[in-house]
Amino acid sequence: MLREKLCLVLFIFLAHVFTSTAQQKTLLFDILHKDKKIGKLHATKNVNDSLIIYTSNTEISTKIITPINVLYSYLVVYKDNILQEAKTLIKVNDKIRTQTHTLYRDGVYYFSEKENNSQRLDAKKITYSTVKLMFEEPKNITSLFAEEHGNFHKLAPTTLHAYKKTIPGESRKENTYIYKNGTLAKGILDVGIISFELQKATN
């Protein structure tokens, strides 16, 4: 536990230093529900030689019977195209719904949820995960690691530059991703709490 906490502190420190000096790419998306804008997504990709840090922050505010405010936050690190560490935090009306941590250590991935003990994942080197969907069209990718869940989702092309992501055992829950010039242009997502559409912001 102490070792993991120390790793986390170092991780945050390196992320802060890294993002102040790296080449950064930023994507902005509007979040729509029934053609009404209900939020925004801000994502960054910071590259410094073989180290890449992705961040994704989503804010949603709407009303489904009662008011609902949702915050999604991702911080994901790759080195030499291999996932090294990922942290996710999801809050609904200021209450933590999901908090996960994935760590690659000594050739093994460990996944923990909230403050529970970490569990070893049956996974080889992970080269593609959910956060990459915004920045890199998943050509020839058939599965990807879901940082929020600690498991793998299926990915299949539907039409040219369009892909469908499904969760094993949950066939009704499908997400669609449409790309233009190699980056995400539109997404149709079912995240459980709410279904919505992502559209790349024009300004």
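Student: Which residues touch the most other members of the largest nonpolar core?

Tutor: Start with the general idea: in soluble globular proteins, nonpolar side chains tend to be buried together. In this predicted model, the largest nonpolar core has 41 residues, and Leu83, Tyr109, Met134 and Leu198 are the ones that touch the most other members.

Student: Let me take Met134. What does Met134 touch, not counting residues up to four places away in sequence?

Tutor: Met134 touches Leu27, Phe29, Leu41, Ala43, Ser56, Thr183 and Leu184.

Student: Now for empty space. How much space lies in the largest pocket?

Tutor: Again the idea comes before the case: rolling a probe the size of a water molecule over the atoms shows where empty space is left. Here, the largest pocket holds about 560 Å³. Its lining is made up of 31 residues, and Tyr72, Tyr74, Thr130, Glu148 and Val191 are the closest to the pocket's centre.

Student: Which elements give two or more residues to that lining?

Tutor: They are β3 (51-64), β4 (66-79), β6 (95-105), β11 (162-167), β12 (170-180), β13 (183-190) and β14 (195-200). The largest share, 4 residues, comes from β12.

Student: And how do the lining residues divide into nonpolar, polar and charged?

Tutor: There are 14 nonpolar, 9 polar and 8 charged residues in the lining of the largest pocket.

Student: Let me try a single residue. Is Lys165 buried or exposed?

Tutor: For this we need a cut-off: a residue counts as buried under 20% relative accessible area. Lys165, in strand β11, counts as buried because its relative accessibility is 6%.

Student: What is in contact with Lys165, leaving aside its neighbours within four places in sequence?

Tutor: The list includes Leu133, Leu144, Leu155, Glu174 and Tyr177, along with His153 and Lys154. With His153, Lys165 makes a side-chain polar contact of 3.0 Å. As for Lys154, it sits 11 residues from Lys165 along the chain, and their C-alpha atoms are separated by 5.6 Å.

Student: Could we read Thr100 that way too? Is Thr100 buried or exposed?

Tutor: Happily! Thr100 belongs to strand β6, and its relative accessible area of 3% makes Thr100 buried.

Student: Which side chain is joined to that of Thr100 by a polar contact of 2.5 Å?

Tutor: That is the side chain of Thr88. In addition, a polar atom of the Thr100 side chain lies 3.0 Å from the backbone oxygen of Glu147. Beyond its neighbours within four places in sequence, Thr100 is also in contact with residues including Ala86, Phe111, Ser112 and Glu148. You may recall Glu148 as one of the residues closest to the centre of the largest pocket.

Notes:
Residues are numbered from 1 along each chain as its sequence is written. This is a predicted model: local features need pLDDT of at least 70, side-chain atom pairs count only at pLDDT 80 or more; totals for chains, interfaces and linings use all residues. Side-chain values use heavy atoms; hydrogens and water are left out. A nonpolar core is a set of buried Ala, Val, Leu, Ile, Met, Phe, Trp, Tyr and Cys residues joined through side-chain atoms within 4.5 Å. Buried means under 20% relative accessible area, exposed over 50%, partly exposed in between (1.4 Å probe, protein chains only). Contact means heavy atoms within 4.5 Å. On a 1 Å grid over the protein atoms alone, a cavity is a set of points where a 1.4 Å probe fits but cannot get out, and a pocket is an open set with protein on both sides within 12 Å along at least five of seven lines; lining residues have an atom within 4 Å of a point. Grid points are joined across faces, edges and corners, and a volume is the space filled by probe spheres set on the points. Ala, Val, Leu, Ile, Met, Phe, Trp, Tyr, Cys and Pro count as nonpolar, Asp, Glu, Lys and Arg as charged, and the others, Gly among them, as polar. A polar contact is a pair of N or O atoms within 3.5 Å; within protein, one must be able to donate a hydrogen and the other to accept it, and residues adjacent in sequence count only if both atoms are side-chain atoms.
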